[in-house]
Amino acid sequence: MADLTTTFCGITSPNPFWLASAPPTDKEYNVRRAFEAGWGGVVWKTLGEEGPPIVNVNGPRYGAIWGADRRLLGLNNIELITDRPLEVNLAEMTRVKKDWPDRALIASLMVPVNEDSWKAILDRVLETGCDGVELNFGCPHGMSERGMGSAVGQVPEYVQQVTEWCKKHSDLPVMVKLTPNIADIRKPAQAAKDGGADAVSLINTINSITSVDLDLFAPEPTIDGKGAHGGYCGPAVKPIALNMVAEISRSPSLQGLPISGIGGVTTWRDAAEFMALGAGNVQVCTAAMTYGFKIVQEMISGLGQYMDEKGFASTADLVGRAVPNCSDWQHLNLNYVTKARIDQDACIKCGRCYAACEDTSHQAISMSQDRTFEVIDAECVACNLCVNVCPVEGCITMEELSTGTVDERTGKVVEGEYANWTTHPNNPGACAAE
Amino acid sequence: MTNSPMTPGVAPARLAPEDLSANFADLHPPLDDHEALVAADRCYFCHDAPCIAACPTGIDIPLFIRQIATGTPEAAAKTILDQNILGGMCARVCPTETLCEEACVRELAEGKPVSIGQLQRYATDTLMAAGVHPFTRATPTGKRVAVVGAGPAGLSCAHRLAMKGHDVELFDARPKGGGLNEYGIAAYKSVNDFAGSEVEWLMQIGGVTLHTGKALGRDLGLEALKSDYDAVFLGMGLAGVNALGAEGEDKEGVLDAVNFIADLRQTDDLSALPVGRNVVVIGGGMTAIDAAVQSKLLGAQNVTILYRRSRAEMPASRFEQDLAAAKGVRLVFNARPVRITGNGRAQGLEAEYTVSGPDGLTGTGETFTLPADQVLKAIGQTLDGVPEGLKIEGGKIAVSGAGRTGVAGIWAGGDCAQGGEDLTVAAVAEGRDAAEDIHQTLMGG
């Protein structure tokens, strides 16, 4: 099987699967179990400054949403950074790193925005022998009310300033963890880069209320009748994270900035997608919290098999491979014409494609007395909704019309050459775009 | 003139060829890709999963199902075969309803377990169809091991030994390898010569030479094997058959069910196999069910299983009992054979009802007679030709630990040895574990 050894901003680990800074990495006991299960690295639960330990709520910390069969799709939390004494965490990190030298151990940090605080914590974590630090500018709840976490991450100037301090006071690779609770992810990423960051990691959790108790009329998780927004993560946030990773990957001014991809990674495929969009490795939390540390075994075998099938010798061969294909709408080929095709042998005649198309789209699917569903090419705009609502994999597909054939909907012959909106006759700005 | 289920006596071709082939088609047709994804989606990926504990070979079931769910059935197959090199056959013949699937938490939650056996078949079939053998041999050790019996235990042992770099000579008394996978087991559980293909696939590891037609005690001596090889593994199964102890047992038409099943498995023309109009099968295990169901599928008009104890005590699982009933087999409990009637040829079976009491099983004195052109005996097999020098306990070779007999250099496993249920999957586990122990011993552990 392919060698999954991955070097990410100078840190080598036996595979690209790291556990994100979160409850699973709060203790030596957990981290040892994680390494035994096969995780390539761990970002330790965020450390705060020395002093009275952090206090957490004593009611529920998590809320969730579920798919069919109660599959956990999204998790929300209101837990703060580690609530254990700094000394205890540092001693444990030192022991673990000593026993597991081949695994990546990263210290996640969050202290008030002043140089002395950052210098002080950096001096302490250096003693642990950890491989790098991650600056937690992402947590959107609790700590942000105290001017830390996402309160820093939302202000690029702060991001840059703190990054500069960290680079000044330590030789370790510095990774900046970004909050998605911002309009343009490239701004804090740029600030991190300008501050000298060795990498960015994203996304941290998203502001969220998962549900409302309709008897108490309170958001969940509910603490004595009240609720506060939490940070949302898990499979549900993956598309948001993928886009933000891609935004950074394809930004010319951010070229070469390593990215650690985070956000709903549950299977090898999720990880491969993040990596194809430019992530040098991935960090995982919700999947481990849902299924346990053993979940990494499927990620390892799956990514290895995929790399073998593709002939990739190392994970570096995969990283960024999809980035050149990330484009803007205006550059998409308007001469690319497809039509939906329904495989009648695979069709189970549920009619979901028909309902979706007839009620909410373009009336491009016909239904016969005997429940045969067929695409009406003269109406099909190739929107893909029927594909997405069909319960049978591969039953409905999109077929490209070959050059020279007539699109029955528009009556136009399909042209072979690429043409996009910037040159389209309907575009009032077409000339200006030339 | 054609025969029918009504044709008196014992006759071949009671059904049309197309009906016979439909009857003997795959009992559980393989899952297609969509079905496999839907089935895999139901697995909860339990921690320290009860299904793993219930599998004699300890396959990491949640992991392989997740590997199917994420589109890598080949990786799933590797997970299965790491633990159980005959995972393909076990997927077909394991009584999953009393093993992994009985333990599945969804059995508890909904009375409907994850289809573990079917998913296992999906994964292993995918890999085998691709012609992939995902194991390679370690550096040759120069050690030679004799494995007697090419059934599940012997094959599993031979493969693991070969993987470890040892050279294996594999002997079997029959003309083909595979043991009960080849000669036992209902035909509808192993269609398209799967047993033969699996042996061929398994041998791709290299370093194993199969010698057929070599029986211990007839062609091979244990002493000679012991001196010629660095280690010996005995996995020759149970070649003997228990006697009925009923009057008239020697009449024509009274057969050993295992031979009936073997003939059925080896024939290339089901129409040529004679079967009685009235068949009575004596016994309560899987062999009884397999023989009864197949008699019915061959076109027997009336098939009855006679079991001396109650339904609850029947070794065959409820699934197997229901399968038999669904095929039209009548199950008679608490009855034992007294005599087989008929002039030279079986015509009827006289039986007596029984009760279980403090003195064990006793007859009530009430008897009844069933018409019986064929009586198939499925009351257990015995160790035949016990090799000298080996300790026997409970009719089987006594072993301790991973198949160690009392004699240094000789290991035993599978049905011929003590311990475990007489199941393919248990034999595979025993062969594998013995191989690991042999390896440790030979390499100075």
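**A walk through a predicted two-chain model**

Let me begin with one residue: if we set aside its neighbours within four places in sequence, A:Gln283 is in contact with A:Trp18, A:Leu19, A:Ala20, A:Val43, A:Ser201, A:Ser260 and A:Ile262. Please keep in mind that what you see is a predicted model, with an ipTM of 0.91 and a pTM of 0.93.

Where does A:Gln283 sit in chain A? It belongs to strand β16, which covers residues 279-284 of chain A. Is A:Gln283 buried or exposed? It counts as buried, because 29 C-beta neighbours lie inside 10 Å, and the cut-off for calling a residue buried is 20 or more. By contrast with those contacts, the C-alpha atom of A:Asn207, which is 76 residues away along the chain, is separated from that of A:Gln283 by 19 Å.

One of the contacts of A:Gln283 is A:Ser201, and that residue takes us to strand β10 of chain A, residues 199-202. Both faces of β10(A) are covered, with A:Ala199 and A:Ser201 buried on one side and A:Val200 and A:Leu202 buried on the other. Strand β9 of chain A, residues 174-177, runs parallel to β10(A) and is joined to it by three bridges, and within this pairing A:Val176 stands opposite A:Val200.

Just after that strand there is a detail of the backbone to look at, namely that the peptide bond from A:Leu202 to A:Ile203 is cis, with omega near 10°; A:Ile203 itself is found in the loop between β10 and β11 of chain A. A cis peptide bond also joins A:Glu220 and A:Pro221, where omega is about -5°, and A:Pro221 is found in the loop between β13 and β14 of chain A.

Which strands pair with β14(A), residues 230-233? Strand β6 of chain A, residues 72-77, pairs with β14(A) in the antiparallel sense over three bridges, and A:Leu75 has A:Cys233 as its bridge partner there. Strand β11 of chain A, residues 206-208, is likewise joined to β14(A) by three bridges and runs antiparallel to it, with A:Ile206 standing opposite A:Tyr232.

Stepping back to the whole of chain A, we find it divided into domain 1, residues 6-325, and domain 2, residues 329-422, whose C-alpha centres lie 40 Å apart.

Now to the place where the chains meet: the contact takes 12 residues from chain A and 12 residues from chain B. On the side of chain A, the elements that give two or more residues are α8 (268-276) and α10 (296-310), and α10(A) gives the most, with five residues. Sorted by class, that side has three nonpolar, six polar and three charged residues.

Chain B averages a pLDDT of 95, and 100% of its residues score at least 70. Its helix α10, residues 152-163, reaches 16 Å from its first C-alpha to its last, close to the 16 Å expected for its 12 residues. This helix of chain B is mostly covered, since 11 of its 12 residues are buried, among them B:Cys157, B:His159 and B:Arg160. After α10(B) comes B:Gly165, whose phi is positive, near 100°.

Finally, two residues of chain B other than glycine also have positive phi values: B:Asp48, near 45°, and B:Asn334, near 50°. B:Asp48 lies in the loop between α2 and α3 of chain B and counts as exposed, because 9 C-beta neighbours lie inside 10 Å. B:Asn334 lies in the loop between β11 and β12 of chain B and is partly exposed, with 18 other C-beta atoms within 10 Å.

Key:
Residues numbered from 1 in each chain as written. Chains lettered and ligands numbered in written order. Predicted model: local features only at pLDDT ≥ 70, side-chain atom pairs only at ≥ 80, totals over all residues. Domains from an automatic or database assignment. Contact = placed C-beta atoms within 7 Å. Helix = DSSP H or I, 4+ residues; strand = E, 2+ residues; numbered from the N terminus. Nonpolar A, V, L, I, M, F, W, Y, C, P; charged D, E, K, R; others polar. pLDDT = per-residue confidence, 0-100. Expected span 1.5 Å × (residues − 1). Pairing = 2+ DSSP bridges.
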